[in-house]
Structure formats: C-alpha cells, structure tokens
Amino acid sequence: MTFIITEPCIGVCDTACVDVCPVDCIHFDVDEKDAGQKMKEMKAADPNVDLEKLQLFIDPEECIDCAACEPECPVEAIFPEDEVPDVWKDFIKMNYEAFGQEAP
Amino acid sequence: MSNKKKKTAGKPQVTISPKDYKGKVNPDWCVGCGDFGVLNAFQKACSELGLPSHKILVVSGIGCSSNFPGFFNSYGMHTLHGRPLPVATGAKLANHELTVIVTAGDGDGYGIGGNHFTHTARRNIDLTYLVMNNQIYGLTTGQISPTSRMGMKTKSTPYGSVELPVNPLTLAIMGGATFVARAYSSEGSYFVNLIKQAIQHKGFSFIDIFSPCVTYNHENTHTFFKQRIKHLEDEGHDPTDWKTACEKAMIWGDEIYTGLFLQNTERRTLEQLEPILDKGGPLAHRSLGLTEAQSSKIIEKLM
Ligand SMILES: Cc1ncc(C[n+]2csc(CCOP(=O)(O)OP(=O)(O)O)c2C)c(N)n1
Ligand code: SF4
Ligand code: SF4
Ligand code: SF4
Ligand SMILES: [Mg+2]
C-alpha cells in the first residue's frame, strides 16, 4: 500500500507533509527525489511563484504507510491508496507513474 | 496470494509482493510510529527472499511493537509479556523447517524477557530476533524502559531516571549471539538488506532497531536518529572482530552506528547439534508411535 496525494495539492504545495514523513518519500522533483526541498527553495526565492499546475507525489515503493502526512495537509489532499475518493482515482496511477512504477 | 511477477529494473525478480504479507487487520499504531517502518521493511525482506507465508511463523510478546504478528500474513503467536523467545524456541524445535521470527519491544525483550535473551543467544538456535527499541514503554503510556537514557524524565521518573541503560548489542555479543546488528526503522533498503541477512543467517540473529515512539518519547525522535546515524560499513568494520564491534556499539552521542556488528558463521546451530533432529525431518511431521488409545490416555491424564 501507499498514501496518495490528490487534486487539492495542485497549486497549494504547502509541504507540511514533507516535514513529518519519517522516510523522506514525498517529492516535488520526482527524478531527483528532492524530499520536497526544491519546492521549498522555489517558494523561499519567490513567495508568489506560480504553482498553478504543480503538486507533490509520494514514492509508493518507499512509503511505509505510517499516515503521519495525512493529518498535516491543510487541504486534505492525502489519502491511503484504498480510500482515495472516486473522483480522484486517476491520481493513484499518476502517483505511481511519476516514479516509473506500475500502478496495481 | 497474487504471486504477481513484478518487473523492476535492476532488482531481483520478485514473485511474492510485499503486499501479499499484509495482515487482515490494519496496524493501530500512532501515526508516524517507527514500527510501520519495521513492518514495511520486513514485508519487503520476505518478498525479496521469496518466503511463502505458510513457511513463516512470527512470535511476539506484549507491547505496541508486539502487536506485529496481527498485521502480518503468516502463522503468528502473540504470547505473554517477555516470553516470545522461549515460545519460539519450542516452535523451532518442533518444526525446524519453519522460518521463525521473533518480534519484541525494548521493555518486552530487554526488561521482563532479558533472561531469555542471553540464554537464547548462547544456544544459537536459528531464530531471527527483531527488537523495536523505542527506549520507552509505549503500550502502557510512557514509563522508562531498560534502554531509556539515565536522567530521562517520564511518567514513572518525574525527576529523571536514575538507572544506567543496558546496551543490547554488547549483551548479545557477550551472550554468544552469532549475528548482531543495529538498524533504524526509516533506513529503507539498507534496513531491508539487514533483515534479509539476519533471516539467511544460520543461528541466532538479532537486530536492535531504533523505532521511535512519536507519542511518549520526545527525546529519541526520528530527527534525533536522522542527525546521528552512521553506517558501520563505511568505516570498513570487520564483523568477525568482536572487540571492535563492542567498541562501536558503545558509541552514543553525535554519532550512532547502525549495520552488521558481528557475524560468526562457524558455530553450529542448536538444531544441527541436537541428535534427535539429525534424521527424520521436523518432529511435528513425525509419527508419535502411539496407538490412539495410548494417546487418549495421556491426554486424559493431563486434562
Ligand atoms: C507480566 C506483565 N507485566 C506487565 C505488563 C504490562 N505491560 C504491557 S506492555 C508493557 C511494556 C511494553 O514496552 P515495550 O516492550 O518496550 O513495547 P512498546 O509498547 O514500547 O512497543 C508492560 C509493562 C504485562 N502486560 N504483563
Ligand atoms: S499534499 Fe498537502 S501538505 Fe503535502 S504538499 Fe500538497 S498540499 Fe501540502
Ligand atoms: S504515510 Fe508516512 S511514509 Fe507514507 S508518505 Fe505519508 S508520512 Fe511518508
Ligand atoms: S504509543 Fe509509541 S510505540 Fe505505541 S504505537 Fe504509539 S508511537 Fe508507537
Ligand atoms: Mg518500547
């Protein structure tokens, strides 16, 4: 299993989840596996940076299902994989594919 | 079991997915508890070793960490506080073809069960002992444990603990364990590899695992370990050198080592030395050699 970040994160990218993840598996730059640091730097450099289409992703292979991120998210974007609301089911696939992994 | 073939570049072919080991019950640990990392790494290790659920037995004591077998899909036993090692020893002797894993907490394993620890180590029985060490009694809501720091303030020590903590690694090394390691629950593949090595080791294998209690131990947190953990391998440590292993195990400060401290592949295991187990397969599969009347008589006498 894994946790999945869904639509409400888009454009918000608050990174509160990143700070509590014990295995640093929540990324903005999925290739560099930046643990959200690049998003933080972008925001620090320009607080008004355009985040319109951006969001963070959880690496399904590394997530340990500890649920620490879920209550931290100010926009309730994070769900356990099997509780993702129907309207955001696409995000499961997107999340896996972001890391080149096959969605179940 | 789905037995899916998974293709992941560069990794060995996995035939049983980590998800196949998911138990019927979801863990009830607090969000962020280190024990999630242990369960996850253990599932990955079993998957990478291709161990089918019906060949694994997980035995635990009592504690948050000891709820482990309930969350893992295999044979399991949730025993008495401090007693998983003797129960597992019995199970292993009865069926030495099973992979027997023992999961415990620091209170369970080093406190009330401390005596069993040294005796199981010196017997060198082929068990894998995973102790989730959070330096506190979690389940009973935050009292000092045998690994709590001297001076640590808890519910049971409002003025600070006045006891010296035990060092589980030197205890295991001196006790005669043939595989002694330390890990941190969030170390991903490094931790998975240690568990795999421990399971593959023939003899008593022990991993002391820092598994932070996010609710009752506000000193030994994830951040505390992330800032301090160093890998023994990077120091070129030789796991046959028990003296250096003890020295490295005693280091506790800005640097704390994880990795394989000691391994002895020469000593034979209890099962190998026990003449009864020499031929004829596991005891559990052998005929008792009693008639039904004789066995009923024994059962009657015992009831
Ligand atoms: C014989 C006995 N004594 C005391 C208890 C109460 N008790 C339950 S769990 C526990 C300590 C648990 O600490 P630990 O083993 O470190 O596990 P954790 O909850 O921290 O994972 C104690 C003292 C008990 N259940 N049985
Ligand atoms: S998931 Fe929530 S907490 Fe995490 S970055 Fe997105 S909006 Fe922020
Ligand atoms: S569930 Fe835990 S491990 Fe997974 S992304 Fe959230 S905080 Fe990280
Ligand atoms: S009390 Fe501590 S050890 Fe128990 S589940 Fe919560 S965080 Fe984990
Ligand atoms: Mg404990």
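The magnesium ion (ligand 5) is held by three protein donors, B:D106 (OD), B:N134 (OD1) and B:I136 (O), at 2.1 to 2.2 Å. Donors here are N, O and S atoms within 2.8 Å of the metal (3.2 Å for Na, K and Ca), and with water not among the atoms, sites may look incomplete. This is a predicted model, where local features need pLDDT of at least 70, side-chain atom pairs count only at pLDDT 80 or more, and totals for chains, interfaces and linings use all residues; side-chain values use heavy atoms, leaving out hydrogens and water. Residues are numbered from 1 along each chain as its sequence is written, while chains are lettered from A and ligands numbered from 1 in the order in which they are written.

**Around the magnesium ion**
- Along the chain, the donors of the magnesium ion (ligand 5) follow the spacing D-x27-N-x1-I.
- B:N134 and B:I136 are both buried (under 20% relative accessible area, with exposed over 50% and partly exposed in between; 1.4 Å probe, protein chains only).

**Ligand 1**
- Ligand 1 has 16 residues around it, and B:C64, B:S65, B:D106, B:G107 and B:D108 come nearest (a residue is near if one of its heavy atoms lies within 4 Å).
- B:N134 turns up again here, with a polar side-chain atom 3.0 Å from an oxygen atom of ligand 1.
- Backbone atoms join in too: a polar one of B:D108 is 2.7 Å from an oxygen atom of ligand 1, and a polar one of B:L139 is 2.9 Å from an oxygen atom of that ligand.

**Ligands 4 and 2**
- Ligand 4 is surrounded by residues including B:W29, B:C30, B:C33, B:N134 and B:Y216.
- The shell around ligand 4 has seven nonpolar, two polar and no charged residues (Ala, Val, Leu, Ile, Met, Phe, Trp, Tyr, Cys and Pro count as nonpolar, Asp, Glu, Lys and Arg as charged, and the others, Gly among them, as polar).
- Over in chain A, ligand 2 has 13 residues around it, with A:C9, A:D14, A:T15, A:C17 and A:C73 nearest.

**Where chain A meets chain B**
- The contact (heavy atoms within 4.5 Å) takes 16 residues from chain A and 17 from chain B.
- About 1,200 Å² is buried between the two chains, and carbon and sulfur atoms give 49% of it (accessible area lost on being put together, 1.4 Å probe, summed over both).
- One salt bridge crosses the interface: the side chains of B:K226 and A:D24 meet at 3.5 Å, N to O (a side-chain nitrogen of Lys or Arg within 4 Å of a carboxyl oxygen of Asp or Glu).

Key: Polar contact = N/O pair within 3.5 Å; in protein donor to acceptor, adjacent residues only side chain to side chain.
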